[in-house]
Amino acid sequence: MTSREDILQLIKDIMLEMFEIEPELVTLDARLSEELDFDSIDAVDMIVKLKEITGKAVKPEDFKNARTINDVVEAVFKITNE
């Protein structure tokens with residue numbers, strides 16, 4: 001998983017599978033809490049899932065400033081390309 005497009009698609013898949021959020025709502029500009037009703041418990045669940053998928057050490061602090069889907073994409077991109 002090296003491209004941001006691949007990461008965005010992965011996040012769309014996770015959002016649908018785990019949180020029943022339709023993929024068309026998961027855009028780079030979508031705000032996690034305000035638009036997607038994504039809370040801190042959801043964030044922890046997503047972090048666990050990303051760790052399983054990437055096989056990388058994913059820490060909650062890597063995502064503490066994430067406010068949009070783009071922020072999540074960038075954090076995952078950084079983690080997977082370290």
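In this predicted model, the second largest pocket holds about 150 Å³ of space. Its walls come from K56, A57, K59, D62, A75, K78, I79 and E82. Sorted by class, that lining turns out to have five charged residues and three nonpolar ones, with no polar residue in the mix.

Next comes the largest pocket, where the space amounts to about 320 Å³. Here 16 residues make up the lining, and the ones that lie nearest the centre are L32, F38, A43, F63 and A66. By class, the lining of the largest pocket splits into 11 nonpolar, three charged and two polar residues. As for where these residues sit, α2 (32–36) and α3 (40–54) each chip in with at least two of them. Of the contributors, α3 gives the most, with six residues.

Besides lining the largest pocket, α3 also packs against α1. The axes of these two helices come within 11 Å and cross at roughly 125°. At that angle α1 counts as oblique to α3, because values over 115 but not over 145 degrees fall outside the perpendicular and antiparallel classes. The crossing of α1 and α3 is right-handed. On the α1 side, the contact is built from L10, I11, I14, M15, E17, M18 and F19, while α3 brings D42, D45, M46, K49, L50 and I53. Taken together, the residues of this contact of α1 with α3 comprise nine nonpolar and four charged, and no polar ones.

A further partner of α1 is α4. Helix α1 (residues 4–19) and helix α4 (residues 69–80) have axes 9 Å apart and pack at an angle of about 120°. That angle makes α1 oblique to α4, and the crossing of α1 and α4 is right-handed. From α1, the residues involved are R4, I7, L8, I11 and M15; from α4, they are I69, V72, V73, E74, V76, F77 and T80. Class by class, the contact of α1 with α4 has nine nonpolar residues, two charged and one polar.

Put side by side, the residue lists show how α1 serves both partners: I11 and M15 appear in the contact with α3, and I11 and M15 also appear in the contact with α4. Nonpolar residues number nine in the contact of α1 with α3 and nine in the contact of α1 with α4. Back at the pockets, the lining of the largest one includes 11 nonpolar residues, whereas the lining of the second largest one has three nonpolar and five charged.

Definitions and conventions: Residues numbered from 1 in each chain as written. Predicted model: local features only at pLDDT ≥ 70, side-chain atom pairs only at ≥ 80, totals over all residues. Heavy atoms only, no water. Axes fitted to C-alpha atoms, helices over the stretch in contact; angles between N-to-C directions. Helix = DSSP H or I, 4+ residues; strand = E, 2+ residues; numbered from the N terminus. Parallel < 35°, antiparallel > 145°, perpendicular 65-115°, else oblique. Left-handed = near helix turned anticlockwise from the far one by under 90°. Contact = heavy atoms within 4.5 Å. Nonpolar A, V, L, I, M, F, W, Y, C, P; charged D, E, K, R; others polar. 1 Å grid on protein atoms, 1.4 Å probe; cavity = no way out; pocket = protein on both sides within 12 Å on 5 of 7 lines; lining within 4 Å. Points joined across faces, edges and corners; volume = space filled by probe spheres on them.
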